[in-house]
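Colleague: Could you take me through a close look at one part of this model, the place where the two chains meet, and then show me what lies around it? I'd love one connected account rather than a list.

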Amino acid sequence: MDAVHAIEVEELRKVYAGGVVALDGISFAVAPGEVFALLGPNGAGKSSTVRILATLSALSGGAARVAGIDVAARPREVRRLIGYVAQASGVDLTATGRENLTLQGQLYRLPAAALRSRVEELLALFELGGAADRAAITYSGGMKRRLDVAMGLVHRPAVLFLDEPTTGLDPESRAVMWEEVRGLARLGLTLLLTTHYLEEADQLAQRLAILDGGRVVAAGTPDALKAGLRGDRISVELANRGDAAAAREVLGGLDGVTAVLTEGATLYAQVAHGASALPSLLAALDRAGVAVAQVAHSRPSLEDVYLNATGHAYRSEGGPARGARGEGGAR
Amino acid sequence: MEYAADLWHLFARLVRASVRMPVFLILSIVQPIIWVLLFGQLFGSVASLPGFGAHSYVQFLAPGIAVMTALFGGAYSGMGMLADIDRGVLDRLLATPVARGALLAARILHSAAQVSLQSAIILIVSAAIGARPHGGAAGIVLVLAVAALLGAAFGAFSNAIALITRRQELVIATMNFIVLPSTFLSSMMMSAKLMPAWIRSAALFNPVNWAVTAARAGFEGDWQLLPRNLGLLAAFTLAAAALATASFGRYRRAG
């Protein structure tokens, strides 16, 4: 690939008919060979981004390029370079695994002989050889997903889009899929995957962008994002929701507490060292007459990164409406 | 060239899917046979009405049922398109370099092929119970071509409705609304000579009647009514294909 970036997205906007703003000016770039994750709750704009990059959806503003080729201006050239594995599958259930793979290759106009051996290769690679001539409707969820990914690879794309590759899979199949993704990364493929699983992005991605409400709220390597939070997290669940304001005032006034977020009856405090701050924090709350139901401290996770960036705790179904954020969120 | 290859591969996929549903296959063969036998019996005596103009009702009915099968066969083609949309298959295909038009053309071609095969079976069964193709081999080819054209037209129309509404219920409701009235506003089962005047007038603007008239002209070897009705039918098929193409373009832009 000649271009510096395998994928380049600049101030991308998508407004659907009816005025729903799915993407409100997002930017990110993916280097060739990189595994990049778009992380966010449902409705954050992940699939909209991938659909635009896969030429399935027109952009409303900004620019998107794959290998330096503008997706809006030259979609045909982009299609030859990309593999697209959608959230909604795309396997023809009435056809066999082999037929699904073969049709895919035919539509990329691969020569017949080369296609036959490529199909065999992929069936073996994804451990579908034994089921190759069975209708895909008989496949398990994990097998269907592997066939989906294999179909995206028939023409040896430079860039593979994996939209929610493990959604709906059981933990075992998910672990298998993670291994597949790591294997693909070793092949030198550029991978853009979307997920609403924090752990998945953490495990698989070299870099990631966190999307929320159609915007990029944080981007970088998982380690850098976590390190950026400087320190640990203490979460305090109050016995009475009504104490939240008072509790926040108490925690905000403590030495060593750098930020406090409130969500419902739960407070999140950012501290230099969780273990040493915990006793004084609890003592201060006790003095103020605030009853505590539960308390925990942890090293920063992507969940904290999300919380810090958006001001609300992570829920894969989608965060609360904008404006519900706590004031202490340092951005 | 690439378009033709794409079309062939996509058409082959649809044929494979049909052939793998034995129930569908058997029903789509048995149902038209039942129609010929049932309607032949039920309405058999109308041929003896004064002024009907044909001696044998089966002779009159055979090309009509061939057209009816084409109409019914094409009308629900859009359901397959909706299944592809719902399962993500269409998106997956659209992400490949496949010629966009071939995706739609494969479905229309599949409708046409399916209904002309069914029509051939109807002509064979009709022949077994006494219908005779006076138009000879050319007449038979013509009946099948008319069935293919009408199947393609309603296949295209059904796909257009599917792409516009994206709802199975609406495809079924729309097609039910159209199919039966257009059947009875034609000379499919009743000689035009015995129709009330207003139905005879309405039939002149009914594509299904153009198809019935053209098919019967071929079957009877009475070529006089053929050119006009075949021409109108072909124009209707092109218009339906244009509508489907526009709907597909609209669907893709709305992505």
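Modeller: Happy to! Let's start with a pair of helices, keeping in mind that this is a predicted model. Helix 3 of chain A (residues 97-107) packs against helix 1 of chain B (residues 2-19) at an angle of about 165 degrees, and their axes are 9 Å apart. Because angles over 145 degrees count as roughly antiparallel, helix 3 of chain A is roughly antiparallel to helix 1 of chain B. The crossing of helix 3 of chain A with helix 1 of chain B is left-handed. On the chain A side, the contact is made by A:Leu103, A:Gln106 and A:Leu107 of helix 3, and these meet B:Asp6, B:His9 and B:Arg13 of helix 1 of chain B. By character, the residues of this helix contact divide into 2 nonpolar, 2 polar and 2 charged.

Now let's widen the view to the whole contact between the chains. Chain A brings 25 residues to it and chain B brings 21. On the side of chain B that touches chain A, at least two residues come from each of helix 1, helix 5 (89-94) and helix 11 (226-254). Helix 1 of chain B, our starting point, gives the largest share of that side, with 6 residues. The chain B side divides into 8 nonpolar, 4 polar and 9 charged residues.

From the contact, we can turn to the interior. The largest nonpolar core has 169 residues, and those with the most contacts inside it are A:Phe161, B:Val67, B:Val146 and B:Leu150. Helix 7 of chain B (residues 136-165) supplies the largest share of this core, 17 residues. B:Val67 is a nice residue to click on here: setting aside residues up to four places away in sequence, B:Val67 touches B:Val146, B:Ala147, B:Leu150, B:Met188, B:Val208, B:Ala211, B:Val212 and B:Ala215.

One last stop, back in chain A, is a charged residue: A:Asp304, which lies in helix 11 of that chain (residues 302-310). A residue counts as buried if 20 or more other C-beta atoms lie within 10 Å of its own, and A:Asp304 is buried because it has 24 of them within 10 Å. Neighbours within four places in sequence aside, A:Asp304 is in contact with A:Leu229 and A:Arg233. A:Leu225 is also worth a glance: A:Leu225 and A:Asp304 are 79 residues apart in sequence, while their C-alpha atoms are 9.5 Å apart in space.

Conventions:
Residues are numbered from 1 along each chain as its sequence is written. Chains are lettered from A and ligands numbered from 1 in the order in which they are written. This is a predicted model: local features need pLDDT of at least 70, side-chain atom pairs count only at pLDDT 80 or more; totals for chains, interfaces and linings use all residues. Axes are lines fitted to C-alpha atoms, for helices over the stretch in contact, and angles run from 0 to 180 degrees between N-to-C directions. Helices (H or I, at least four residues) and strands (E, at least two) are DSSP runs, numbered from the N terminus. Angles under 35 degrees count as roughly parallel, over 145 as roughly antiparallel, 65 to 115 as roughly perpendicular and the rest as oblique. A crossing is left-handed if the near helix is turned anticlockwise from the far one by less than a right angle, and right-handed if clockwise. Two residues are in contact if their C-beta atoms, placed from the backbone, lie within 7 Å. A nonpolar core is a set of buried Ala, Val, Leu, Ile, Met, Phe, Trp, Tyr and Cys residues joined through C-beta atoms within 7 Å. A residue is buried if 20 or more other C-beta atoms lie within 10 Å of its own, exposed if 12 or fewer, and partly exposed in between; C-beta atoms are placed from the backbone.
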